[in-house]
Amino acid sequence: MEIRQIELFVAAAEEQHFTKAAERCGIVQSGLSSAIRSLEEEMGASLFIRNTRRVELSPAGQVFLPEARRVLAAMRAAKRSIGEVQAGASGRIVVSMVQSLAPSLDIPRLLHEFRTAHPNVEISVRETRPSELALELRRGSIDVAFMPSYSVNHSGFDVLSVVSSQMTIVGAADHRLVSERDIPFEAISAEPFVDLSTRWGLRQIADQIFASQGTHRTTTFEVDEFSLLLQFVERGFGLAMVPRALIANHRLAALDVTLQNRNFPVWELGMYSAQQRDGLPANPVAQMFRDAVRRSVTKVA
C-alpha cells in the first residue's frame with residue numbers, strides 16, 4: 001500500500017466521481033482507477049459501489065475512509081516536523097564530552113546561546129570516556145563529541161580543533177620550584193608525580209615525553225579523574241604534566257621546565273562528528289550546532 005493510493009482513494013471518496021478526483025489529483029482517470037483497483041485487491045474488498053453517474057463508498061470503504069484520512073494527516077504532520085527540523089526550529093541533539101575537560105572550552109555557554117536561538121530544540125549532554133566517544137559517534141547515539149585529538153583515528157569523522165594548549169609541568173602555587181627558571185627536565189625526575197591512569201591519552205603523552213628524555217618519574221598517586229589529579233597537585237602531593245589550558249581557576253603554577261632538543265607537545269581538543277553521507281546531514285539540528293561552534297571558535301581566534 002502506497003501513500004499515493006490512499007490520497008487517490010480519499011479524493012475519489014470526497015468527489016464521488018473518478019474523473020473529478022483524477023483532475024483534482026492531476027492524473028488521468030484511468031490511472032486513478034488502476035490505483036484504486038490495486039488498493040482494493042490489496043485490501044481484499046471493494047471500496048466503492050460504481051455506477052454510470054457516480055461512485056459511492058461501499059461498507060468497507062466507509063470504514064476505511066476515516067483511517068485513510070488519519071494516515072494522510074500523520075504524513076502531513078511528519079512532513080511539517082521534518083521541515084521544522086531542517087529549518088532548525090525543532091529537533092534533538094546529543095552532545096558528549098570527555099570528563100573534566102569543560103574548563104578548556106565553555107561548552108555550557110555555547111549550548112546556552114544555541115538554545116536561546118533555537119528554544120524548541122531538545123539538548124542532551126553527557127560526559128563519556130574517551131575510549132567510548134568514537135564508537136558512539138559511529139553508532140549515531142551521539143551527534144557531537146568534544147574530545148582530545150591524541151591517539152584518535154580520524155577516519156570517518158569531521159574534526160574541528162577548538163582548543164590548542166601546550167603541555168607543561170605544574171605544581172602547587174607555593175611549590176619550591178615555582179620561582180626557578182630554565183629548570184632542566186632531569187631535575188624534576190626526582191619529584192613525586194600525580195598521574196592519570198593509563199587509559200588517558202594525557203598519561204600516554206607524559207610517558208612518551210619522559211621516555212624521550214631518557215628519565216623516569218615516581219608516581220605517588222594514580223587517579224582516574226582529571227579534577228582529582230588537579231586537587232592532589234594543589235595540595236602539594238606532587239607535580240603533574242597537563243595542558244596549560246586545563247589549570248585555569250586552580251591554585252597551580254606552571255614550572256619553567258626545558259626539554260632536551262625539543263619543545264613540549266601541543267595538546268588539542270577537537271569537536272568531532274560523523275562525516276556526512278551524500279552531502280546530507282543525518283541530523284540537521286546537529287549540523288547547525290556545529291556551525292555555531294565553528295563561528296564562535298573563529299570569532300575567538
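**Exercise 1. What covers the buried residues of α9?**

Solution. The structure above is a predicted model, and a first step is to see the whole before turning to the helix. The protein has 10 helices and 13 strands, and buried residues make up 42% of its 301 residues.

The second step is to find which residues of the helix are hidden. In helix α9, which spans residues 226-234, the buried residues are Phe226, Leu229, Leu230, Phe232, Val233 and Glu234.

The third step is to look at what lies over them. The cover of these buried residues includes the strands β6, β8 (192-196), β9 (218-223), β10 (240-243) and β11 (252-254), together with the helix α8 (201-212).

The last step is to follow the chain past the end of the helix, where α9 is followed by Gly236, a residue with a positive phi near 85°.

**Exercise 2. Describe how helix α1 and helix α3 are placed against each other, and list the residues through which they meet.**

Solution. Two packed helices are described by the angle between their axes and by the distance between the axes. Here the axes of α1 (residues 3-15) and α3 (residues 29-43) come within 9 Å and cross at roughly 105°. Angles of 65 to 115 degrees count as roughly perpendicular, and α1 and α3 are therefore roughly perpendicular to each other.

The next step is to name the residues on both sides. From α1 come Gln5, Leu8, Phe9 and Ala12, and these meet Leu32, Ala35, Ile36, Ser38, Leu39 and Glu42 of α3. Sorted by character, the residues of this contact divide into 7 nonpolar, 2 polar and 1 charged.

One residue of this contact leads further, as Phe9 also belongs to an aromatic cluster that it forms with Phe18, Phe48 and Phe64.

**Exercise 3. Decide whether Ser58 is buried or exposed, and find its partners.**

Solution. Begin with the place of the residue in the chain: Ser58 lies in the loop between β2 (55-57) and α4 (59-86). Its relative accessibility is 5%, and because buried means under 20%, Ser58 counts as buried.

Next, leave aside the neighbours within four places in sequence, and the contacts of Ser58 are with Ser46, Leu47, Phe48 and Ile49. With Ser46 a distance can be given, since a polar atom of the Ser58 side chain lies 2.5 Å from the backbone oxygen of Ser46.

**Exercise 4. Classify the aromatic pair of Phe157 and Tyr272, and then the pair of Phe232 and Phe237.**

Solution. A pair of aromatic rings is described by the distance of the centres and the angle of the planes. The count for this protein comes to 12 aromatic pairs. In the pair of Phe157 and Tyr272, the ring centres are 5.9 Å apart and the planes stand at 85°, so the pair is edge-to-face. Phe157 lies in strand β6 (residues 157-172) and Tyr272 in strand β13 (residues 266-274), so the pair ties together parts that are 115 residues apart in sequence. Both Phe157 and Tyr272 are buried.

The pair of Phe232 and Phe237 is edge-to-face as well, with 5.3 Å from centre to centre and 80° between the planes. Here the two residues must be judged one by one: Phe232 is buried, with a relative accessible area of 18%, whereas Phe237 is partly exposed, with 38%.

**Exercise 5. Find where Gln16 and Asp182 lie, and say what sign their phi has.**

Solution. Most residues other than glycine have a negative phi. Gln16, which lies in the loop between α1 and α2 (18-25), has a positive phi of about 55° although it is not a glycine. Asp182 lies in the loop between β6 and β7 (183-184), and its phi, about 50°, is positive too, although it is not a glycine.

As a final step, compare their accessibility. Gln16, at 31%, counts as partly exposed, while Asp182, at 54%, counts as exposed.

**Exercise 6. Which residues does Arg251 contact, leaving aside its neighbours within four places in sequence?**

Solution. Arg251 lies in the loop between β10 and β11 and is exposed, with a relative accessible area of 54%. Its contacts beyond those neighbours are with Gly171, Ala172, Ala173 and Glu234. The C-alpha atom of Arg251 is separated by 9.0 Å from that of Val233, a residue 18 places away along the chain.

Notes. Residues are numbered from 1 along each chain as its sequence is written. This is a predicted model: local features need pLDDT of at least 70, side-chain atom pairs count only at pLDDT 80 or more; totals for chains, interfaces and linings use all residues. Side-chain values use heavy atoms; hydrogens and water are left out. Axes are lines fitted to C-alpha atoms, for helices over the stretch in contact, and angles run from 0 to 180 degrees between N-to-C directions. Helices (H or I, at least four residues) and strands (E, at least two) are DSSP runs, numbered from the N terminus. Angles under 35 degrees count as roughly parallel, over 145 as roughly antiparallel, 65 to 115 as roughly perpendicular and the rest as oblique. Contact means heavy atoms within 4.5 Å. Ala, Val, Leu, Ile, Met, Phe, Trp, Tyr, Cys and Pro count as nonpolar, Asp, Glu, Lys and Arg as charged, and the others, Gly among them, as polar. Buried means under 20% relative accessible area, exposed over 50%, partly exposed in between (1.4 Å probe, protein chains only). A polar contact is a pair of N or O atoms within 3.5 Å; within protein, one must be able to donate a hydrogen and the other to accept it, and residues adjacent in sequence count only if both atoms are side-chain atoms. Rings of Phe, Tyr and Trp (its six-membered ring) pair if their centres lie within 6.5 Å; planes under 30 degrees apart count as stacked, over 60 as edge-to-face and the rest as tilted.
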